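Visitor: I would like to learn how to read a structure such as this one, feature by feature. Could we take one residue as a way in and work outwards from there?

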There are 2 protein chains.
Amino acid sequence: MIDLREILLPNIPDDNEKREISDIAESLISGIIQILDRDGINATPVLVGSTAKHTNLKNADIDIFIVFDRKFSERQMESIGLRVGHEVLPDGIERYAEHPYVSGHIRGRKIDIVPCFRIESNTRIISSVDRTPLHTEYVLSHLDEKRRNDVLALKLFMKSIGVYGSEIRVQGFSGYVCELLVINLGSFQKVLERFASQKGRLVIPDATPLAAKYRSPVVIEDPTDSSRNAAAAISLENLSIMKIESRLYLHSPSPSFFTKPQQDKPLPYMDRGTCIRIVTLPKPDLVDDVIYSQAQRARKILVEHIVDMGFHYMDSELYVGNTIEIMIETETAVLPAVTRHVGPPVDTPNSMAFIMKWKDGKSVRGPYVSDDRICVDALSGVRDIETAISSAFSGANIGKNLDPVKGEARIIDPAVSDAAYMVLGKFYSRKIRL
Amino acid sequence: MIDLREILLPNIPDDNEKREISDIAESLISGIIQILDRDGINATPVLVGSTAKHTNLKNADIDIFIVFDRKFSERQMESIGLRVGHEVLPDGIERYAEHPYVSGHIRGRKIDIVPCFRIESNTRIISSVDRTPLHTEYVLSHLDEKRRNDVLALKLFMKSIGVYGSEIRVQGFSGYVCELLVINLGSFQKVLERFASQKGRLVIPDATPLAAKYRSPVVIEDPTDSSRNAAAAISLENLSIMKIESRLYLHSPSPSFFTKPQQDKPLPYMDRGTCIRIVTLPKPDLVDDVIYSQAQRARKILVEHIVDMGFHYMDSELYVGNTIEIMIETETAVLPAVTRHVGPPVDTPNSMAFIMKWKDGKSVRGPYVSDDRICVDALSGVRDIETAISSAFSGANIGKNLDPVKGEARIIDPAVSDAAYMVLGKFYSRKIRL
């Protein structure tokens, strides 16, 4: 058996770090209270997130929410929140999630100051951020110190296999979901046993009406709002990875399941007897979730377009660094010179129009009948992958922020140079942790 | 409008030919009667087929059946039938359909002498050949002279568009089906109107229980045996061709719909930006139906094998001349160097075995998770079309008579020479009559 305490020790805050976190948090909270008092604003700063719940791994962010009374308008709440944030975080910059917030650093540690509205359990909310303080309360009152270590082990395991984080880049398990899993199932070991034996979707609790309401691969009822699936962000692939890695771990437990995941590194082209192209787009200066959701949309549109054109799609990959890199792999770079156009069934009136359209030598072959359809072979319009890719985005909307820069898309054939690309590194290295 | 009599005139027997046919038939029948009397055999020669029904086009065969009493054994019937056949047809050779028979020539006209058993309508038969004399009686008593011309026009039309003949090579409309269509629908024009407006299958009569019993594209109840579909041989493609050509003819009637179909002619390779290969097999000396059913089976096995190997199938063609030529067209001649092996779902016990099998560097990439499956990319076994084709027949049975010669199969790349092939001519020329 693995001694989880031993595994955890180097990965969780030592006494120094704990003291530092509580010092920073306390001084921020008292600073914010002073400002609110000074300005006569009815609002309360609350420490939330993993540091509040004592489920933080080493070097965690500190998240402080300023909880406003509902008598404030959304605009008031946001502008006051930003002003207070800047006052306590001199290096803070404004970011935008569901509300705008201020993000900065104190003693090298990342701090977020986020305004939100006060709500009670199971009441209507204005933004899902408003529910965060309730999550903190719930976890604090349902997780004792022993089980906090189970949460920490689970987070470490999930980080190691690459499924931790609910952001769109990852589409994995949030910290709150880890906490709910341990609260519901009892321990790190029991959580892994559940994933290892789970067939199909994971639904907690078994009887939740959310299972019928949502089609997500994982459904976990949020105890602070029974109408919300706390696990909605998790992709089928990440559920699958968690299942198989749980099996592998239970089959032969090893500390390697808790080590840092391999870092993505750039790789040059390697020949797979296929056609690989990379499409790059400039990366607008926006939060990751916005970039990733649009970049994933662009990747999906590209893949669908290439398939529509008749190319045989094999795989694709996405990497967002200084630029957005979308890789696509097809079986060949060139299509046949002829394409079969399958026309209408012979027993529909349209079949005559189809024949008239193609009859005077406009086809390479036909019209001819195949089964119950009238068909022709005609010259393929676009045959090469470059031309096909270059038209992928022209008729499509690839998202509010990427659409304006799609004219700057570049198509790279990585086979003609020795240059290394992050997206190729990610693609060639795809592998579960063994 | 088209004057059908004018169209028919050059295509049906003139008075000379009619006289010649009746002379030959009468002298054969009286010759056979003499032999049967001489040998004390209780059997009766009957003229059957189109010449008996007066629905014969120019240069039709003469078919005479010798109808035996059921007290004869099958073996007796067959041996006596062959002996009599040889006696009246000095140049006759033995052929084998459902019974063996003798085929020869008199004054350049093909003659078949076929033994069969006497049966009554709707009774059990030993072979479907035995029903032929009943068809002759039925048609003679249901088709007047005016409607015989409709049958002749229909046959001529179907020959012209390539759907006439129930042999396996054609899978089209038999003469008897043409007669039943005119008897049931009233005229050539009405038959074409029915095909032009028919949605889906053609079923005659509407209420026949055979429609539920058989899945054939055309179901026509045989009036001499209500349990038999007289149109079972007709393929979906030939029904479709008949539908669309009927539409085209009714849209603009023209004598061209009654002219001889274009003859197949050999053509050399023409580049379609695809991969074309021809597989040749020696042709055993057997009747067409036997050769074609096995050659079509070989073609089907080849196509399925090539698809299984991962090639992208486009089309195929079959020609049987001095040799059997099977052509296959795929998008490329070479597959990617890697193949994705999609393993079991992650939540089945097999997923662990799959991982163990592939984990130690045996894969090009992975194991990795895709959706809910565990996958690897591995080196493709066979990559080139020649190797793929050469293994197509090795594990398969391509028919009793072709299987022994499959070792003599040759694979030809027609692109490397100027040689012309009949199968290529048939392939490149595929087109409906316009």
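Guide: Let us begin with B:L57, bearing in mind that this is a predicted model. Once its neighbours within four places in sequence are set aside, B:L57 is in contact with B:N11, B:I12, B:P13, B:E17, B:L152, B:K155, B:L156 and B:K159. B:L57 itself lies in a loop of chain B, between α3 (49–53) and β2 (62–68).

Visitor: Is B:L57 buried or exposed?

Guide: The general idea is that a residue counts as buried when its relative accessible area is under 20%. B:L57 has a relative accessibility of 11%, and therefore counts as buried.

Visitor: How far is B:L57 from B:L250, counted along the chain and then through space?

Guide: Along the chain B:L57 and B:L250 are 193 residues apart, while their C-alpha atoms are separated by 23 Å.

Visitor: One of the contacts of B:L57 was B:K155. Which residues make the contact of α6(B) with α7(B)?

Guide: It is best to take the geometry before the residues. The helices α6(B) and α7(B) pack at an angle of about 130°, and their axes are 9 Å apart. An angle between 115 and 145 degrees is neither roughly perpendicular nor roughly antiparallel, so α6(B) is oblique to α7(B). The crossing in which α6(B) passes α7(B) is right-handed. On the side of α6(B) the contact is made by B:R147, B:D150, B:V151, B:L154, B:K155 and B:M158, and on the side of α7(B) by B:G175, B:C178, B:E179, B:L181, B:V182 and B:I183. By character, the residues of this contact divide into seven nonpolar, one polar and four charged.

Visitor: What does B:S174, in the loop between α6 and α7 of chain B, touch?

Guide: Not counting residues up to four places away in sequence, B:S174 touches B:Y164 and B:S166. With a relative accessibility of 16%, B:S174 counts as buried.

Visitor: How are the buried residues of helix α8 of chain B arranged, seen down its axis?

Guide: One first lists the buried residues and then asks in which directions they point. In α8(B), which spans residues 188–197, B:F188, B:V191, B:L192, B:F195 and B:A196 are buried. Seen down the helix axis, these residues fall within an arc of 135°, so they line one face of α8(B). The elements of chain B against which they pack are α1 (4–8), α6 (145–161), α7 (175–185), β6 (202–204) and α10 (236–251).

Visitor: Let us turn to chain A. At what angle do α2 and α4 of chain A pack?

Guide: Helix α2 (residues 15–39) and helix α4 (residues 74–88) of chain A pack at an angle of about 130°, with 10 Å between their axes. That makes α2(A) oblique to α4(A), and the crossing of the two is right-handed. In this contact A:L28, A:G31, A:I32, A:I35, A:L36, A:R38 and A:D39 of α2(A) meet A:R83, A:V84, A:E87 and A:V88 of α4(A). The residues of the contact divide into six nonpolar, one polar and four charged.

Visitor: What can be said of chain A as a whole?

Guide: Here one reads totals rather than single residues. Chain A has 14 helices and 17 strands, and its C-alpha atoms fill a box of roughly 85 × 55 × 50 Å along the principal axes. Of its 434 residues, 53% count as buried. Among the contacts of chain A with a separation of 6 or more, 66% are accounted for by residues 24 or more positions apart.

Visitor: Which backbone details deserve a look?

Guide: Two kinds can be read from the torsion angles, omega and phi. For omega, the peptide bond from A:I204 to A:P205 is cis, with a value near -10°, and A:P205 is in the loop between β6 (202–204) and α9 (210–213) of chain A. In chain B a cis peptide bond joins B:I204 and B:P205, with omega about -10°, and B:P205 is in the loop between β6 and α9 (210–213).

Visitor: And what is there to read in phi?

Guide: A:H54 has a positive phi of about 55° although it is not a glycine; A:H54 is in the loop between α3 (49–53) and β2 (62–68) of chain A and is partly exposed, with a relative accessible area of 42%. B:D371, also not a glycine, has a positive phi of about 55°. The place of B:D371 is the loop between β14 (365–370) and β15 (373–379) of chain B, and at 45% relative accessibility B:D371 counts as partly exposed.

Notes
Residues numbered from 1 in each chain as written. Chains lettered and ligands numbered in written order. Predicted model: local features only at pLDDT ≥ 70, side-chain atom pairs only at ≥ 80, totals over all residues. Heavy atoms only, no water. Buried < 20%, exposed > 50% of the residue type's maximum accessible area, 1.4 Å probe, protein only. Helix = DSSP H or I, 4+ residues; strand = E, 2+ residues; numbered from the N terminus. Arc of directions from axis to C-beta. Contact = heavy atoms within 4.5 Å. Axes fitted to C-alpha atoms, helices over the stretch in contact; angles between N-to-C directions. Parallel < 35°, antiparallel > 145°, perpendicular 65-115°, else oblique. Left-handed = near helix turned anticlockwise from the far one by under 90°. Nonpolar A, V, L, I, M, F, W, Y, C, P; charged D, E, K, R; others polar.
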